[in-house]
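I am opening a notebook on a structure that is new to me. I will look up one thing at a time and write down what I find.

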Amino acid sequence: MTVTLAIVGAGARGASYARIAAAEHLATVAAVVDPDPARRKALAEEFALPDDRVFEDWTQLAARPRLADAAVVATPDRLHADPAVALADLGYALLLEKPMAPTEKEARRIVEASVRNDILLGVCHVLRYTPYSLKLKQLVTDGRIGDVVSVEHLEPVGWWHQAHSYVRGQWAVEAQSSSMLLAKSCHDIDWLGHIVGRPVARVSSFGGLRHFRPENKPDGAGDRCVSCPVERTCVYSAVRIYERFLGDPVYEQWPLGVVTDDVSPDGLRAALAEGPYGACVYSGRNDVVDHQVVNLEYEGGITASFTMTAFTALDFRKTRIFGSGGSLEGDGRRIVLHDFLTDTQHTFDFDPEGGASAADGHGGADTEMLRAFLTAVADDDRSLVGSGPYETLESHLVVWAAERARRDGTVVRMDDSSPAPLS
């Protein structure tokens, strides 16, 4: 069976998924939806779509009989729920970009629609699907370190990635997207729960917006990098961040493709002179956190600490898992198992495809996730998709509880914070 795919949202993520699916011969792109005429036209031409398979708005797609086996919903976070529900009602299998939705009410609407229509719903928690994660999970499940006692997990967002996406970009303002923890790190809360294999009982959290604030603006700095007198000495110079990606076909798709449609030196310069990606990072427009710690207690007393920070190189996550009979240490490229009984170490090496950024497909994770989802559609085997509706809702509930804990300075019990389950 050749799976057919509708792309709802032809931005960086939607276009990337379409290209991976086609390049890996996993699916054929059958329709595209995007309100931006340039993006819509570009993707339609790339996949030779006729005019009657190209739509400005998802409602136009939903008004037609089902045109594909599955749909990728990669609209902005706050515009996920309505198209997801409508397409579920039409019988599309759904691959939903994370987060599922910015609010619990909308997330539950999506889950209810998928259950009501008995359709496959996958969420793009791509970290679950890499050979590295599969091996780490297997080592834990097989008892190679005894019983898991505690976990330490770091997400190194990357200094320029934070500036691009969460200071200058579309996830900079919580009211327009979602919290940083939901937008960026629901991946990690989902992944930790997957590895530990138990539900969260209690959660606390600390963090805030420490650096990207007006009071930290360098003396003499201007409002735009292209004309700023101190631009050459500023770590977060948009000119320096983006100019190094010119000429690189991978990074011209992301992040440059988000900054401008004209990825030439002149086109980039014009975008930085006029658009949001050339604004000073100390403008005060942004309000999402730039560092956060989440403390998790799972049922049975297992604990985990998760740190998200902007102030790193953009790299793979770093994890240490401490067990009663051994420990595991991993960095996305290698896992080191320390066996306490023999006091020996065993190393498992991996060769991820490229780096950890979206430009590199998250080290091949995007491809593995798409392969799992589209094979599940083709073979009608939902067991291939680990991050389905209930699992994703559960991890999102933990994220929302952590945000309440951070804002209120409390420890939140999950049995108190979660409302009644789906009927």
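Which residue is the bridge partner of Leu94 in S6? I looked this up first, keeping in mind that the model is a predicted one, and found that the partner in S6 is Leu121.

**Entry: around strand S5**

I then followed the pairing of S5 and S6, which runs in the parallel sense over three bridges. Between the two, the chain passes from S5 through helix H5 (residues 104-116) to S6, and I noted this β-α-β crossover as right-handed.

Turning to strand S4 (residues 70-73), I found that S4 and S5 also pair in the parallel sense, over four bridges, and that Ala71 stands opposite Leu94 in S5. Here S4, helix H4 (residues 81-89) and S5 make up a right-handed β-α-β unit.

For the side chains of strand S5 (residues 93-96), I wrote down that Ala93 and Leu95 point one way while Leu94 and Leu96 point the other way, and that all of them are buried.

**Entry: the sheet as a whole**

In what order do the six strands of the open sheet lie? I read the order as S3-S2-S1-S4-S5-S6, with parallel pairing. At the edges I found strand S3 (54-55) and strand S6 (121-123), each of which pairs on one side only.

At the S3 edge, strand S2 (residues 27-33) and S3 pair in the parallel sense over two bridges, and I noted Val54 in S3 as the bridge partner of Val32.

**Entry: helix H6**

Next I checked which residues are buried in helix H6 (residues 131-141), and listed Tyr132, Ser133, Leu136, Leu139 and Val140. These buried residues cover an arc of only 125° around the axis, so they lie on the same side of H6.

I then asked what covers the buried residues of H6. The cover includes strand S7 (148-156), helix H8 (180-196), S11, strand S12 (326-330), strand S13 (334-339) and strand S14 (344-349). After H6 comes Gly143, for which I noted a positive phi, near 75°.

**Entry: aromatic rings**

How many aromatic pairs does a search of the whole structure find? I recorded nine. In one of the pairs, the rings of Trp160 and Phe245 have centres 5.2 Å apart and planes at 55°, so I entered this pair as tilted. Since Trp160 belongs to helix H7 (residues 159-167) and Phe245 to the loop between helix H9 (238-243) and helix H10 (256-259), the pair ties together parts that are 85 residues apart in sequence. I marked both Trp160 and Phe245 as buried.

Another pair, Phe212 with Phe311, is stacked, at 5.9 Å centre to centre and with 15° between the planes. This pair links distant parts of the chain, 99 residues apart: Phe212 sits in the loop between strand S8 (200-208) and H9, and Phe311 in the loop between strand S10 (303-309) and strand S11 (318-323).

Is each of these two rings buried or exposed? Phe212 has a relative accessible area of 1%, so I count Phe212 as buried, whereas Phe311, at 37% relative accessibility, counts as partly exposed.

To close this entry, I noted that Phe212 and Phe311 belong to one aromatic cluster together with Trp159 and Tyr236.

Definitions and conventions. Residues are numbered from 1 along each chain as its sequence is written. This is a predicted model: local features need pLDDT of at least 70, side-chain atom pairs count only at pLDDT 80 or more; totals for chains, interfaces and linings use all residues. Side-chain values use heavy atoms; hydrogens and water are left out. Rings of Phe, Tyr and Trp (its six-membered ring) pair if their centres lie within 6.5 Å; planes under 30 degrees apart count as stacked, over 60 as edge-to-face and the rest as tilted. Buried means under 20% relative accessible area, exposed over 50%, partly exposed in between (1.4 Å probe, protein chains only). Two strands pair if DSSP finds at least two bridges between them. The arc is that of the directions from the helix axis to the C-beta atoms. Contact means heavy atoms within 4.5 Å. A crossover is right-handed if, with the strands pointing away from the viewer, the path from the first strand over the helix to the second runs clockwise.
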